[in-house]
Amino acid sequence: MLLELVEQYLKNNKINLINTTFLGFTVVIVIFGSLITVVEPILPDFIKQSFRYGKHKHNGPEIALVSRMEVPKSWFSHFYVFAFSWALLALYLVLKGIIMHTTAPDYVLEFLDFVAGGAENRKILINSNSALVASVLMTLQCARRFYETNFVQIFSKKSKMNLSHYMVGYLHYFGAILALLLNTEGFVRGSLPSSFSFTKITLLQYFCIFVFHFSWSQQYKSNMILVNLRKNPNTGKVETEKHLMPTGGFFNVVSSPHMFFEILMYVSLLGIVGKSFTWKLAVVWVFSNQLMNALLTHKWYKENFKNYPKQRKALIPFLL
Ligand SMILES: NC(=O)c1ccc[n+]([C@@H]2O[C@H](COP(=O)([O-])OP(=O)(O)OC[C@H]3O[C@@H](n4cnc5c(N)ncnc54)[C@H](OP(=O)(O)O)[C@@H]3O)[C@@H](O)[C@H]2O)c1
């Protein structure tokens with residue numbers, strides 16, 4: 001009953017839940033990120049404590065209520081369990097549609113109609129060939145992050161994040177993976193997926209696959225540099241949970257190469273599912289949140305390491 005009312009409301013007002021979520025997240029991050037960057041000293045502690053997390057967490061007076069809403073940063077690993085499963089499910093549906101040459105099951109179409117605010121809001125913008133390529137790449141990314149966060153990464157026990165960051169992580173992957181299906185052949189009522197062929201992949205798409213692969217492997221290398229900072233190089237045992245100064249690889253040019261490559265991966269997927277408005281919003285959202293985080297991280301490194309390399313930028317090599 002409640003679900004039907006919500007469905008009717010979304011339909012009447014043509015509200016696409018995923019677009020609204022990405023847009024809302026972007027507005028919030030830009031407003032609070034700008035306030036933190038420009039007028040942090042005069043902001044109330046609850047804003048600073050809620051927004052900052054990990055190594056650049058708020059160091060001033062703690063607000064008890066906000067502290068109670070904090071969860072271990074190691075819980076990042078939870079949303080990659082979800083993201084990997086969700087991406088696998090999407091990949092399975094895309095593949096099944098192409099192999100069986102059938103439209104997605106009715107319950108999937110109903111669910112997609114619901115989140116898009118009605119079937120009228122779902123026109124075909126992505127062909128099934130491109131959707132398959134994008135789903136494979138997204139699944140690879142979620143799989144690698146699942147592996148890293150659950151088996152490799154060393155989170156300090158002290159590192160915390162606000163519950164809102166934790167919820168945003170789930171919503172991000174929920175929306176990003178659905179974005180690959182919402183306007184896709186075989187997932188839009190009355191459409192059928194076409195057969196897959198490598199010859200249908202355009203030159204631009206091949207280029208984007210290359211950029212994605214490069215970013216994917218460089219993000220892994222950057223994450224391993226961070227992991228190894230906390231290990232004894234001879235024994236491989238964890239020695240410290242401190243935040244140290246990373247060097248090597250793309251850390252020589254930016255403070256947060258893993259965030260730079262995160263953005264590049266989303267941009268390269270844009271070259272593959274280019275006409276999807278939802279994916280464009282996802283890219284804007286990822287860019288804004290990674291930029292804000294990278295700026296705070298860069299400031300933190302400069303404040304904490306006197307010998308921090310002057311030429312190193314925050315996020316984009318040689319530029320920013
Ligand atoms: N797509 C999106 O919208 C989105 C949003 C957020 C994050 N992400 C991605 O998720 C990944 C993780 O993000 P994050 O914010 O957790 O990055 P992060 O703060 O750099 O942390 C990554 C890992 O490295 C450790 N670490 C960080 N700096 C270190 C240092 N100086 N010395 C030793 N260890 C250090 C952290 O330990 P501690 O936990 O102890 O700090 C954590 O285990 C990134 O690749 C990012 O691009 C994506």
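The protein chain's secondary structure comes to eleven helices and two strands. Here helices (H or I, at least four residues) and strands (E, at least two) are DSSP runs, numbered from the N terminus. Followed along the sequence, the pattern reads α-α-α-α-β-α-α-α-β-α-α-α-α. This is a predicted model, where local features need pLDDT of at least 70 and side-chain atom pairs count only at pLDDT 80 or more, while totals for chains, interfaces and linings use all residues. Residues are numbered from 1 along each chain as its sequence is written.

**Overall shape**

How far does the C-alpha trace of the protein chain span along its principal axes? The answer is about 60 × 45 × 35 Å. The radius of gyration is 21 Å, which agrees with the value near 20 Å that a compact globule of 320 residues would have. (That radius is taken over C-alpha atoms, and the globule rule is 2.2 Å times the number of residues to the power 0.38.)

Of the 320 residues, 35% count as buried. A residue is buried if 20 or more other C-beta atoms lie within 10 Å of its own, exposed if 12 or fewer, and partly exposed in between, with C-beta atoms placed from the backbone. As for contacts, two residues make one if their C-beta atoms, again placed from the backbone, lie within 7 Å. Among contacts between residues at least 6 apart in sequence, 79% join residues at least 24 apart.

**The core**

Now for the inside. A nonpolar core is a set of buried Ala, Val, Leu, Ile, Met, Phe, Trp, Tyr and Cys residues joined through C-beta atoms within 7 Å. The largest one here has 59 residues, and A87, A134, L180, L269 and A282 touch the most other members. Plenty of helices chip in: α2 (17-39), α5 (76-100), α6 (106-116), α7, α8 (163-182), α9, α10 (257-270) and α11 (277-304) each supply at least two residues of this core. Which helix gives the largest share? That would be α5, with eleven residues. As for A87, its contacts are M138, T139, C142 and I177, not counting residues up to four places away in sequence.

**Two helices side by side**

Helix α7 (residues 128-152) and helix α9 (residues 203-229) pack at an angle of about 5°, with their axes 12 Å apart. Axes are lines fitted to C-alpha atoms, for helices over the stretch in contact, and angles run from 0 to 180 degrees between N-to-C directions. So α7 and α9 are roughly parallel to each other, a label for angles under 35 degrees (over 145 is roughly antiparallel, 65 to 115 roughly perpendicular and the rest oblique). On the α7 side, the contact is made by S130, V133, L137, L140, Q141, R144, E148 and V152. Facing them from α9 are Q205, I209, F212, W216, Y220, N223 and V227. Sorted by class, this contact has nine nonpolar, four polar and two charged residues. For that sorting, Ala, Val, Leu, Ile, Met, Phe, Trp, Tyr, Cys and Pro count as nonpolar, Asp, Glu, Lys and Arg as charged, and the others, Gly among them, as polar.

**Some residues to look up**

S130 sits in helix α7 and counts as buried, with 24 C-beta neighbours inside 10 Å. Leaving aside neighbours within four places in sequence, S130 is in contact with Q205, I272 and V273.

Two residues of helix α11 are also worth finding. T297 lies in α11 and is buried, with 21 C-beta neighbours inside 10 Å. Beyond its neighbours within four places in sequence, T297 is in contact with H56, S255 and S256. V286 is in α11 too, and it counts as buried with 21 C-beta neighbours inside 10 Å. With neighbours within four places in sequence set aside, V286 is in contact with E262, I263 and Y266.

Here is how these residues pair up along the chain and in space.

| Pair | Apart in sequence | C-alpha to C-alpha |
|---|---|---|
| S130 and V273 | 143 residues | 6.3 Å |
| T297 and K57 | 240 residues | 9.8 Å |
| V286 and F318 | 32 residues | 21 Å |

**Two loop residues with positive phi**

K14 is in the loop between α1 (2-12) and α2. Its phi is near 50°, a positive value in a residue other than glycine. Is K14 buried or exposed? K14 is exposed, with 11 other C-beta atoms within 10 Å.

H101 belongs to the loop between α5 and α6. Phi of H101 is near 55°, again positive in a residue other than glycine. With 13 other C-beta atoms within 10 Å, H101 is partly exposed.
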